[in-house]
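Trainee: Got a minute to go through this model with me? I'd like to start with one of the helices.

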Amino acid sequence: MVVSSRAIRIGSRKSQLALVQTYWIQEQLQKHYPDRQFDVETMSTQGDKILDVALAKIGDKGLFTKELETAMLQNQVDFAVHSLKDLPTNLPDGLMLGCVTERVNPADALVVHEKHKDKQLDTLAEGSVIGTSSLRRLAQLRHHYPHLTFKDVRGNVNTRLAKLDSGEYDAIILAVAGLQRLDMSDRIHQVIPDDISLHAVGQGALGIECRTGDPEILELLKALEHPETRDRCYAERAFLRELEGGCQVPIGVNTKIENNVLTLIGMVASLDGKTLIKDTIEGEPAQAESLGQTLATRLRDAGATEILAEIFAEIQRQ
C-alpha cells in the first residue's frame with residue numbers, strides 16, 4: 001500500500017523521443033494516482049553527446065543510461081524511463097528493471113526519400129544508399145540485399161529524417177515504435193517483415209529502471225506493468241545476456257505468446273551478412289528467462305560464439 005505523499009522524481013534523457021515516452025509514463029501514473037505528484041528531471045547521456053562516432057565504436061555499456069543510473073543511486077531521481085532496447089541486460093548493483101510497459105509494434109521501418117516513394121526494399125536500385133546506425137539491421141539487410149550500399153547515420157529521429165530528405169541517403173531504417181510515438185507514422189513507407197529483419201531485444205517496449213528494494217516505487221509501477229510484454233522481453237533479454245552481446249551487436253529476436261506458449265526466435269549474423277544463424281524455441285511464459293538462455297546456448301553451439309568474437313575484434317580494430 002502506497003501511503004507516502006512526497007513528490008516522485010522521474011529521470012529522462014533530453015531527446016524528443018525520450019521526453020515523449022517519459023511524459024506518457026508521467027501521465028499514466030497521474031491517472032492511476034491523482035493525489036500524487038510526479039516531476040520529470042532531464043539530463044543528457046554520453047550517447048546523446050557523442051554524435052560523430054558510430055555507436056558500435058563507442059561501446060554500449062550504459063551509453064544511454066549511465067547518467068540516469070548515477071542519479072538514481074545518488075537518490076536524485078526515483079526511477080528512469082528508457083526505451084527497453086537501450087537498457088543493458090546487466091544492471092549496476094542497487095538497480096533493477098522495475099516495470100515493462102505494453103509493447104507497441106517492435107518492427108523496423110523503411111523510410112524513403114521522396115524520389116523513391118514507388119519503391120520497397122525489394123525494388124530499390126543497386127547501390128542505393130541506406131542509412132542505419134544499427135549493426136543488427138546492417139547485418140540482416142546485407143544478408144538479404146547485398147547489392148545495396150549501407151552508411152552510418154546518427155542523431156535523433158528528426159536529424160536523421162533531415163539528412164534523408166536532403167538527399168544524403170536514399171532511405172533510412174528506423175523503429176516503427178519511435179515514429180509512432182512521435183506522431184510520424186506517415187513517414188513509415190514499409191514495415192520490414194520479421195523474416196527480413198528481426199527486431200532488437202526489447203524494441204517497442206519501455207523499461208522503467210529503479211532502485212532495488214524500493215517498495216514504494218515498485219508498488220506505484222505495478223499499475224503500468226504489462227505481463228505479456230514483460231515475459232516476452234525477459235526471454236529476449238536473457239537470450240542477449242547469455243550471448244554476452246550488447247545492443248550494438250547483430251543479434252535479433254522475435255517473440256509472441258499464444259495459448260500460453262511463448263515462442264522466441266533468435267538470430268546472430270556476421271557484419272558482412274554472409275553468415276546468419278537463426279533458431280526457435282517454445283515453452284511456458286513462466287520459463288521466459290530459461291528459454292532465452294537455452295536458445296542462446298543452441299546458437300553458440302551452431303557457431304554464434306565465433307561470429308561474435310570476430311565482430312568484437314573487428315570493432316576494436318576500427
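Trainee: Which residues are buried in helix H6?
Mentor: In H6, residues 157–165, the buried ones are Val157, Arg160, Leu161 and Leu164. Buried means under 20% relative accessible area, with a 1.4 Å probe and protein chains only. Helices (H or I, at least four residues) and strands (E, at least two) are DSSP runs, numbered from the N terminus.
Trainee: And where do they sit around the axis of H6?
Mentor: They fall within an arc of 100°, so they line one face of H6. That arc is taken from the directions from the helix axis to the C-beta atoms.
Trainee: What do they pack against?
Mentor: Strand S5 (108–112), strand S8 (171–175) and helix H7 (176–181). Contact here is heavy atoms within 4.5 Å.
Trainee: Before I trust that, what's the small print?
Mentor: This is a predicted model, where local features need pLDDT of at least 70, side-chain atom pairs count only at pLDDT 80 or more, and totals for chains, interfaces and linings use all residues. Residues are numbered from 1 along each chain as its sequence is written, and side-chain values use heavy atoms, with hydrogens and water left out.
Trainee: New topic: Gln140, buried or exposed?
Mentor: Gln140 is buried, at a relative accessible area of 3%. Its place is in helix H5 (residues 135–144).
Trainee: Which residues does Gln140 touch?
Mentor: Leaving out residues up to four places away in sequence, Gln140 touches Ile196, Ser197, Leu198, Met267 and Leu276.

Key: Buried means under 20% relative accessible area, exposed over 50%, partly exposed in between (1.4 Å probe, protein chains only).
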